[in-house]
Amino acid sequence: NSAVTMMSCDGARLCVRTIPVTGDLPDSALQLIMPRKQLNEFANIISDSDEAEIGITPTANQLIFRVKEKHNGYFGIQYTEIASQLLAGPYPDFRRIIPTQSATRVVIKRAELAAALELANVLADKYHHVLIEVDPPEQKDKNGVMTVSAKNPLDGDSEQTLSVKVQGAATEIWFNGEYLLEWVNLVAEDTIVLDSLSPRHPALF
């Protein structure tokens, strides 16, 4: 189970990604807090490489990223390194925030959801409120319906209906349409799964 789990949260959204890793790993789990600016810089340079190395200083107060350049880079440069000071203190236990139960599960085609959100965001209010309503099918072997809508007293309303696979009860949840579309556009898979316990609980994609 050698892996790196990365998590970030801005108060409205929480994102978690786990990837397998190899190398000289610690004997026990190690938690590090990385500044966003330096992490974004690393993401920019790693886009041109197939592999990256992450090193941690013995005092665990600095992180070093090392990326091998393709074709020896410019002027014969073979590696690019970025060193970053780590932030002190513990990180909140994000696993307690992630829902472990759901009353409704929806399987959606990513491209269709992205298109519906783009249209809804055009007419959403200044807070980017978008309503997603889910209705299960009347027959078990049929698809259910997801409605993506937004209302703006000045510009009008938007409503798109999608055919989706639904398990469980009907539900409706308000989302920030821009936040949700930003994430949907980053997904590489063809389908997205939405789990919801109730409108009062966080939704899990």
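1. Helices and strands here are DSSP runs numbered from the N terminus, a helix having at least four residues and a strand at least two. The model is a predicted one. With that numbering, Leu-32 sits in the loop that runs between strand 2 (14-20) and helix 1 (36-46).

2. Leu-32 belongs to a nonpolar patch on the surface. Its partners there are Leu-30, Ile-54 and Ile-56, and the patch covers about 330 Å². The relative accessible area of Leu-32 is 32%, so this residue is classed as partly exposed. Patch members must have over 30% relative accessible area and no salt bridge.

3. Next come the charged pairs. Side chains of opposite charge can pair when their charged atoms come close. A salt bridge is counted when a side-chain nitrogen of Lys or Arg lies within 4 Å of a carboxyl oxygen of Asp or Glu. The model has four salt bridges by this rule; the points below describe some of them.

4. Asp-10 and Arg-13 are joined through their side chains by a salt bridge, with an N to O distance of 2.9 Å. Asp-10 is partly exposed, at 43% relative accessible area. Arg-13 is also partly exposed, at 32%.

5. Which residue forms a salt bridge with Arg-13 at 3.0 Å between the closest N and O atoms? That residue is Glu-182. Arg-13 lies in the loop between strand 1 (3-9) and strand 2, while Glu-182 is in helix 3 (residues 177-184), so this pair ties together parts 169 residues apart in sequence. Glu-182 has 46% relative accessibility and therefore counts as partly exposed.

6. Another salt bridge is formed by Arg-66 and Glu-81, whose closest N and O atoms are 3.4 Å apart. This pair links distant parts of the chain, with Arg-66 in strand 4 (residues 62-68) and Glu-81 in strand 5 (residues 79-85), 15 residues apart. Is each partner buried, partly exposed or exposed? Arg-66 counts as partly exposed, at 30% relative accessibility, whereas Glu-81 counts as exposed, at 53%. The two fall in separate classes because exposed means over 50% relative accessible area, and partly exposed covers the range from there down to the buried limit of 20%.

7. One last point concerns shared partners. Asp-10, Arg-13 and Glu-182 form one network, joined by salt bridges that have partners in common. Arg-13 takes part in the bridge to Asp-10 and in the bridge to Glu-182.

Terms used
Residues numbered from 1 in each chain as written. Predicted model: local features only at pLDDT ≥ 70, side-chain atom pairs only at ≥ 80, totals over all residues. Heavy atoms only, no water. Patch = residues over 30% accessible without salt bridge, like charges linked within 9 Å, V, L, I, M, F, W, Y side chains within 5 Å. Areas by Shrake-Rupley, 256 points an atom, 1.4 Å probe, with all protein chains shown as cover. Buried < 20%, exposed > 50% of the residue type's maximum accessible area, 1.4 Å probe, protein only.
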